[in-house]
Amino acid sequence: MTYAVIYFSRTGTSRRIAEKIAKELSVEPVEVTDNMDWDGTLGYMRAARYAVKNKEVAIQTRGKIGEVDEYIVVTPMWCGKITPAIRILLQELPKEKVHLIVSSGGMNYKERDGYLSVLDIMKKDKNEDQQINAFVNSLTAS
């Protein structure tokens with residue numbers, strides 16, 4: 001199996017998760033950016049508004065995604081939704097080939113249909129490494 005690990009990160013949590021998975025799979029992670037300023041309190045409020053209203057953003061990738069068997073997409077959850085940048089990216093990927101990994105403070109992602117798998121990594125559970133190891137093991141055991 002070949003994999004692409006793709007992520008968007010506002011605070012660094014999703015980047016850290018993606019880098020751990022990519023290291024285990026011996027691939028380079030690909031960052032999705034959107035040239036928006038999500039920093040600070042105003043950025044946080046803007047991020048929530050963009051997520052809730054499904055606002056469009058222009059995305060770029062730092063790295064090449066290419067053709068692979070499965071995509072591992074890591075994103076934070078903003079107000080119960082995935083980030084606008086990842087929502088836009090997912091329009092270009094076959095959903096049935098996507099493992100979606102959602103990082104949050106303590107909520108499960110509700111829109112799970114159609115993905116190969118959905119994994120919620122919640123900060124409150126303090127088991128990020130265990131969840132990543134179990135996920136990677138499930139990929140390499142098949």
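**Helix α4**

I began with helix α4, residues 128-141, which has 14 residues and reaches 20 Å from its first C-alpha to its last, close to the 20 Å expected at 1.5 Å a residue. I note here that the model is predicted.

I then looked up burial along the helix. The buried residues of α4 are E128, Q131, I132, F135, V136 and L139. They cover an arc of only 125° around the axis, which puts them on the same side of α4. On the face turned away from that buried side I found the exposed residues Q130, T140 and A141. I also checked what covers the buried residues of α4: the list includes β1, α1 (13-25), β4, β6 and β7.

**Strands β6 and β7**

Next I took β7, residues 117-122. This strand is mostly covered, with 5 of its 6 residues buried. I looked for its pairing with β6, residues 98-104, and found the parallel sense over 6 bridges. For the register I noted H99, which stands opposite S117 in β7.

**Nonpolar cores**

Which residues have the most contacts inside the largest nonpolar core? I listed I6, V73, L90 and L100, in a core of 28 residues. Two or more residues each come from β1 (3-7), β2 (30-33), α2 (40-52), β4 (70-78), α3 (84-90) and β6. Helix α3 gives the largest share of this core, 5 residues.

I followed V73 further. Leaving out residues up to four places away in sequence, V73 touches I6, I86, L89, L90, L93, V98, H99, L100 and I101. There is also a second, separate core of 17 residues, and I21, L25, I121 and L139 are among its members. I had already met L139 as one of the buried residues of α4.

**Aromatic pairs**

I counted the aromatic pairs last: the structure holds 3. The rings of W38 and Y50 have their centres 5.4 Å apart and their planes at 80°, so I logged this pair as edge-to-face. W38 lies in the loop between β2 and α2, and Y50 in helix α2, so the pair ties together parts that are 12 residues apart in sequence. I found both W38 and Y50 buried.

W38 also pairs with W78, again edge-to-face, at 5.0 Å centre to centre and 65° between the planes. W78 lies in strand β4, so this pair ties together parts that are 40 residues apart in sequence. W78 is buried, as is W38. I closed the entry with the cluster: F8, W38, Y50 and W78 form one aromatic cluster.

Technical notes. Residues are numbered from 1 along each chain as its sequence is written. This is a predicted model: local features need pLDDT of at least 70, side-chain atom pairs count only at pLDDT 80 or more; totals for chains, interfaces and linings use all residues. Side-chain values use heavy atoms; hydrogens and water are left out. Buried means under 20% relative accessible area, exposed over 50%, partly exposed in between (1.4 Å probe, protein chains only). Helices (H or I, at least four residues) and strands (E, at least two) are DSSP runs, numbered from the N terminus. Two strands pair if DSSP finds at least two bridges between them. A nonpolar core is a set of buried Ala, Val, Leu, Ile, Met, Phe, Trp, Tyr and Cys residues joined through side-chain atoms within 4.5 Å. Contact means heavy atoms within 4.5 Å. The expected span of a helix is 1.5 Å times one less than its number of residues. The arc is that of the directions from the helix axis to the C-beta atoms. Rings of Phe, Tyr and Trp (its six-membered ring) pair if their centres lie within 6.5 Å; planes under 30 degrees apart count as stacked, over 60 as edge-to-face and the rest as tilted.
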